[in-house]
Amino acid sequence: MLSHKFLLLALTVYYTTVSGFIPSTARTTLLGSALKGAESEVSFGELDGSDVRVGIIRTRWNEEHVTNLVDGARKALKECNVEEENIFETEVPGSFELPLAAKFLAMSGTVDAIICAGVLIKGDTMHFEYICDTVSSGIMNVALNTNTPVIFGVLTCLDEEQVKIRSTGDSNHGYDWGKTAVEMATLKNQATGVKKGKSEKLEKLGFNKEDSKEKERKKVPGFF
């Protein structure tokens, strides 16, 4: 009993002493990881995805975990009333291929949002860091360059246990990605006037108005 109390006291003193040198965000992360694992802190309101088309691009690398994440995303899409026929799913070898595949899909104009699902687990080399940075930047660039919401659904974990916690049960991050896809697709459609009645409102603000020169150009035969 004495040794147990002494151990607790030693740990308390150590944490109190060392925590002064650790940024508050890091302390929060350390404690949060121990207390609540990987629970989502994002809340979503009522979402209607009945008119939303979502593309899911998944990797074959770490297939079992990715499947769990995709199942979570599909569960969320179903709850948001996204029709099964409006969900397109395809696969690529690994996470490095996700950005280019997402660009192809975005350029096709067939979906309102894209979920890129993959799992990266740190190994003994710098490969993990290079891939994480490249993939995250690539996915963001696709979204910005194509005006298509592309959800970063790639887990970047230090070990497989972290992956399991974040891809199963109530902590399945795929569920949040599905909700995010619907929310962002709806936001995009509203902003660009895709929804009925929105285009007229945007035109009054100066968006999508065609001047006489533009109308004349459209009369000229061409590819675009």
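In the predicted model, the side chains of R74 and E89 come together in a salt bridge, with a nitrogen-to-oxygen distance of 2.9 Å. This pair links distant parts of the chain, since R74 belongs to helix α3 and E89 to strand β2, 15 residues apart. R74 has a relative accessible area of 23% and is therefore partly exposed, and E89, with a relative accessible area of 32%, is likewise partly exposed. Both residues also take part in a network of salt bridges that links R58, R74, E84 and E89.

The count of salt bridges comes to seven. One of them joins R53 to D112, whose closest N and O atoms are 3.2 Å apart. Because R53 is found in the loop between α2 (24-36) and β1, and D112 in the loop between α4 and β3, this pair ties together parts that are 59 residues apart in sequence. The two partners differ in their exposure: R53 counts as partly exposed at 32% relative accessibility, whereas D112 is buried, with a relative accessible area of 6%. A further salt bridge is formed between the side chains of K122 and E129, at 2.6 Å from N to O. Of these residues, K122 is partly exposed with a relative accessible area of 32%, and E129 is partly exposed with a relative accessible area of 29%.

The largest nonpolar core contains 24 residues, of which L77, I115 and L155 touch the most other members. Two or more residues are given to this core by each of the elements β1, α3, β3, β4 and α7, and the greatest contribution is that of α3, with five residues. When residues up to four places away in sequence are not counted, L77 touches V54, I56, V82, I87, G178 and V182. Apart from this core lies another, of 20 residues, among them V111, F128, I139 and V142.

Helix α3 also holds V66, which counts as buried at 0% relative accessibility. Beyond residues up to four places away in sequence, V66 touches R58, T59, W61, A117, G118 and V119. The C-alpha atom of V66 is separated by 9.1 Å from that of L155, although the two residues are 89 residues apart along the chain. A further buried position is provided by S95, which has 5% relative accessibility and is found in the loop between β2 (87-92) and α4. With neighbours within four places in sequence left aside, S95 is in contact with T59, G118, V119, L120, V135 and V154. T59, G118 and V119 thus appear among the contacts of S95 and also among those of V66.

Helix α5 comprises the 20 residues 127-146, which at 1.5 Å a residue should span 28 Å, and the end C-alpha atoms are indeed 28 Å apart, in agreement with that expectation. Within α5, the buried residues are F128, I131, C132, V135, G138, I139, V142 and A143. Seen down the helix axis, the buried residues of α5 fall within an arc of 145°, so they line one face of the helix. On the other side of α5, by contrast, Y130, D133, L144 and N145 are exposed. The packing partners of the buried residues of α5 are α4 (98-108), β3 (113-121) and β4 (150-157). Just after α5, N147 adopts a positive phi of about 60°.

Helix α7 (residues 173-192) likewise has 20 residues, and the distance from its first C-alpha to its last is 28 Å, close to the 28 Å expected at 1.5 Å a residue. The N-terminal end of α7 is capped by N172, a side-chain oxygen of which lies 2.8 Å from the backbone nitrogen of G174. G174 is itself buried, as are D176, W177, G178, K179, A181, V182, A185, T186 and N189 of α7. These buried residues pack against β1 (54-59), α3 (63-79), β3 and β4, and two of the residues concerned, G178 and V182, are touched by L77. Just after α7, G193 takes a positive phi of about 75°.

Definitions and conventions:
Residues are numbered from 1 along each chain as its sequence is written. This is a predicted model: local features need pLDDT of at least 70, side-chain atom pairs count only at pLDDT 80 or more; totals for chains, interfaces and linings use all residues. Side-chain values use heavy atoms; hydrogens and water are left out. Helices (H or I, at least four residues) and strands (E, at least two) are DSSP runs, numbered from the N terminus. The expected span of a helix is 1.5 Å times one less than its number of residues. Buried means under 20% relative accessible area, exposed over 50%, partly exposed in between (1.4 Å probe, protein chains only). The arc is that of the directions from the helix axis to the C-beta atoms. Contact means heavy atoms within 4.5 Å. A polar contact is a pair of N or O atoms within 3.5 Å; within protein, one must be able to donate a hydrogen and the other to accept it, and residues adjacent in sequence count only if both atoms are side-chain atoms. A nonpolar core is a set of buried Ala, Val, Leu, Ile, Met, Phe, Trp, Tyr and Cys residues joined through side-chain atoms within 4.5 Å. A salt bridge is a side-chain nitrogen of Lys or Arg within 4 Å of a carboxyl oxygen of Asp or Glu.
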